[in-house]
Amino acid sequence: MYVYLGIDVGSVSTNLVATGEDGTIKHSIYMRTSGKPIEVVQKGLKLMQKSLPIGTKVAGVGTTGSGRHLAGVMTGADVIKNEITTHAIAASNVVPGVQTILEIGGQDSKIIILRNGVVSDFAMNTVCAAGTGSFLDQQASRLNLSIEEFGPLALQSNVPVQIAGRCAVFAESDMIHKQQMGYNIPDILAGLCAALVRNYMNNVGKSKEILPPVVFQGGVAANAGMKWAFEKALEVEVIVPPYFNVMGALGAAMLARESTNRRKTGFRGFQVADSDFCSGGFACDGCPNICEVVEIQEGGRVIARWGDRCGRWSNALAKEEKIS
Amino acid sequence: MRVTYPHMGHMWICIKGMLEYLGVDVVIPPPSSKKTMQLGVKHSPEFACMPLKLNLGNFMEASQMGADTVVMAGGCGPCRFGYYAQVEHAILNDLGYQYQLVVLEPPQKHITELIGKIRYITQNRSWFKVIKGIRLGYLKASAVDKVEQRAYYSRPRELRPGATEQAVKKALAKIVAARTPEEMPAALDAALEIMNGVAVDQHRPVVRIGLVGEIFTLLEPFANMEIERKLGNMGVEVDRSIHLSEWINDHLFMGLIKNERSSKPAQEKGLAYLGHTVGGHGLETVGSTILYAEQGFDGVIQLLPFTCMPEIVAQSILPQVSSDLGIPVMTLIVDEQSGDAGMITRLEAFVDLLTMRGDTPQLKDRNFGVEECPQRMRGHTSA
């Protein structure tokens with residue numbers, strides 16, 4: 001059996017997906033990044049190898065997410081793509097004809113507008129994290145709830161309370177005030193979901209034309225309260241696809257299939273999971289920018305560098321490679 | 001008297017040429033860097049925009065190199081930048097820097113006001129010499145712009161990665177080396193010859209993006225995280241809506257030099273959406289977006305420093321222009337941040353969007369507009 005691997009290294013979660021040649025998902029893995037992208041990717045590869053039938057061959061690898069370059073050099077990816085494009089590709093394959101993608105992850109939220117199957121517009125949150133998964137996480141733990149309980153509880157609400165949604169700081173203090181006045185938890189949670197949706201619509205969704213079918217994906221889509229709040233605000237059905245939390249990885253796998261068409265994969269094999277990768281950094285002293293250069297080493301050999309503005313270090317490596 | 005001035009892209013070449021021709025001792029601050037930013041941020045009002053912070057950092061670094069006089073643009077009209085020279089001077093005074101301040105303002109009535117100021121800096125050289133010096137400065141600005149425009153073309157098409165960057169460095173050195181207006185034509189020829197020497201693949205398909213927005217963030221590569229180079233390396237041919245020589249001609253010479261690129265057409269186009277100048281380059285941003293759409297560019301990116309009022313006005317108008325003319329527009333706001341991963345992600349996604357649109361011809365000619373969308377909803381629906 002041949003599979004295509006997609007790896008999405010996000011700020012909060014790292015996901016791996018293996019798809020068959022027909023694009024169906026054979027196995028998916030969702031893990032917390034916990035600030036250690038290298039270890040998590042290695043662990044994910046090990047888990048993936050175990051769960052795939054023996055003799056499975058990897059025909060292509062794609063990486064995405066904010067750690068895509070790191071995962072790319074580690075695995076020898078065939079394609080390294082930004083998360084906006086991969087999410088759009090996955091959604092338009094899973095829900096054909098999708099016109100709007102609402103995506104909320106741990107650290108960022110984005111909206112992607114598609115027309116005729118092609119991305120026509122997108123926006124990402126810039127200066128505000130109020131509408132993201134991390135904020136929900138934090139509020140849930142403040143109320144002593146696990147994030148899994150959040151959604152079902154919010155759905156029990158009869159009268160959602162009004163909560164300020166412009167800024168996470170206002171939202172939090174508003175929530176505390178409402179809670180101390182004696183409103184019950186489900187109503188507060190439902191109010192919080194509605195406030196976050198308002199914040200999302202004003203920050204990310206502003207001046208975008210939201211047409212159905214609307215797909216809601218990313219880790220926060222697990223929260224039924226958020227789905228309810230989006231449906232109420234948009235007055236259309238909001239679809240949460242079955243693999244909503246690994247859509248980026250799925251898109252990367254699909255792109256890997258496309259890019260290895262009539263070409264051999266650059267995948268370095270599952271054994272990279274046992275390689276000794278280490279990342280280090282140093283401050284370049286070439287100019288007053290003092291760039292923090294990141295260096296990825298495998299078994300003592302430098303395999304990648306980035307972080308320098310002028311290309312002094314990253315280009316130096318590229319040249320060395322060309323000669324050898 | 002040792003004169004310094006703030007950085008804005010390659011502007012230093014033009015002013016250095018002019019002042020040195022007039023016998024002024026010039027101190028060029030080191031190129032804007034993280035250190036410049038740190039110095040500026042530490043001593044500036046928090047709500048000021050990034051240009052003020054970088055200017056201030058430039059002056060503080062130049063002072064360590066022995067500068068004692070600041071020459072700064074200013075005046076009524078642009079935006080709050082018009083007052084930055086005075087604010088920066090006051091901050092420098094409070095910090096104990098002994099700086100003289102000369103503000104070069106767009107003349108209210110006649111170009112002689114400007115020449116008078118320059119004569120003061122140059123300690124009363126003859127009018128003739130001063131005018132020749134200004135001409136040298138203008139010629140240099142214009143030559144630098146020509147080199148940059150060649151680089152826009154060759155960067156996405158270069159056969160050897162990095163060839164354009166090296167050529168730009170060499171070409172600019174030729175322009176810097178010219179000392180008199182008489183040497184300029186030869187220097188320009190030499191510079192352009194170097195630029196033409198970059199081997200390119202003329203048939204490579206490229207995406208074309210117009211850059212619009214606030215002048216400082218457009219011109220200063222440190223401020224815009226080298227967006228031109230980043231896009232160029234992604235296979236994008238860029239064009240910048242504002243060039244230094246054009247700004248000098250429009251604002252300082254009041255359009256004295258004819259048949260040169262000017263911001264007039266952009267201003268006139270912009271009037272269709274914004275009946276008024278709103279300070280800074282707000283009107284030009286709207287107008288240039290329309291011009292780029294008409295010239296068949298694939299997309300437009302608007303750049304502005306955080307809290308820039310004129311550009312915020314323009315930003316709120318651009319979605320309408322975008323949907324009327326069917327040209328995708330993305331806005332990037334820059335501030336102190338130095339991590340560029342977020343910017344690269346956005347640029348890549350935008351380029352992907354434009355490439356995919358370009359591959360789908362029926363989409364390219366289409367205004368993704370109102371008629372076909374009965375259930376149209378605006379983003380401001382609330383729960």
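**Strands, a helix and a domain contact in a predicted model**

Seven bridges hold strand E11 (residues 277-283) of chain A against strand E12 (residues 292-298) of chain A, and the two run antiparallel. This is a predicted model. One of the pairs across these strands matches A:Cys278 with A:Gln297 in E12(A). E12(A) also pairs with strand E13 (residues 301-306) of chain A, again in the antiparallel sense, this time over five bridges. Here A:Ile296 sits opposite A:Ala304 in E13(A). Just two residues separate E12(A) and E13(A), which make a hairpin. In its turn, A:Gly299 takes a positive phi of about 55°.

Elsewhere in chain A there is an open sheet of five strands with mixed pairing. Reading across, the order goes E8-E7-E6-E9-E10. That puts strand E8 (118-124) and strand E10 (238-239) of chain A at the edges, each with pairing on one side only. At the E10(A) end, the neighbour is strand E9 (residues 214-217) of chain A, and the two pair in the parallel sense over two bridges. A:Val215 has A:Ile239 in E10(A) as its bridge partner.

Then there is helix H7 (residues 185-203) of chain A, with 19 residues. From first C-alpha to last, H7(A) reaches 26 Å, close to the 27 Å expected at 1.5 Å a residue. H7(A) is also mostly covered, with 15 of its 19 residues buried.

How confident is the predictor about chain A? The average pLDDT is 85, and 95% of the residues score at least 70. Residues 319-324 of chain A are another matter, with pLDDT below 50. Beyond near neighbours in sequence, that stretch makes zero contacts in the model.

Turning to chain B, the domain assignment splits it into domain 1 (2-125), domain 2 (140-203) and domain 3 (206-369). Between domain 1 of chain B and domain 3 of chain B, the C-alpha centres are 27 Å apart. These two domains touch, with 22 residues from domain 1 of chain B and 23 residues from domain 3 of chain B taking part in the contact. On the domain 1 side, helix H1 (11-21), helix H2 (34-43) and helix H3 (50-64) of chain B each put in at least two residues. What kinds of residue make up the side of domain 1 of chain B that touches domain 3 of chain B? The breakdown is 17 nonpolar, four polar and one charged.

Definitions and conventions: Residues are numbered from 1 along each chain as its sequence is written. Chains are lettered from A and ligands numbered from 1 in the order in which they are written. This is a predicted model: local features need pLDDT of at least 70, side-chain atom pairs count only at pLDDT 80 or more; totals for chains, interfaces and linings use all residues. Two strands pair if DSSP finds at least two bridges between them. Helices (H or I, at least four residues) and strands (E, at least two) are DSSP runs, numbered from the N terminus. pLDDT is the predictor's confidence in each residue, from 0 to 100. Two residues are in contact if their C-beta atoms, placed from the backbone, lie within 7 Å. Domain bounds come from an automatic or database domain assignment. Ala, Val, Leu, Ile, Met, Phe, Trp, Tyr, Cys and Pro count as nonpolar, Asp, Glu, Lys and Arg as charged, and the others, Gly among them, as polar. The expected span of a helix is 1.5 Å times one less than its number of residues. A residue is buried if 20 or more other C-beta atoms lie within 10 Å of its own, exposed if 12 or fewer, and partly exposed in between; C-beta atoms are placed from the backbone.
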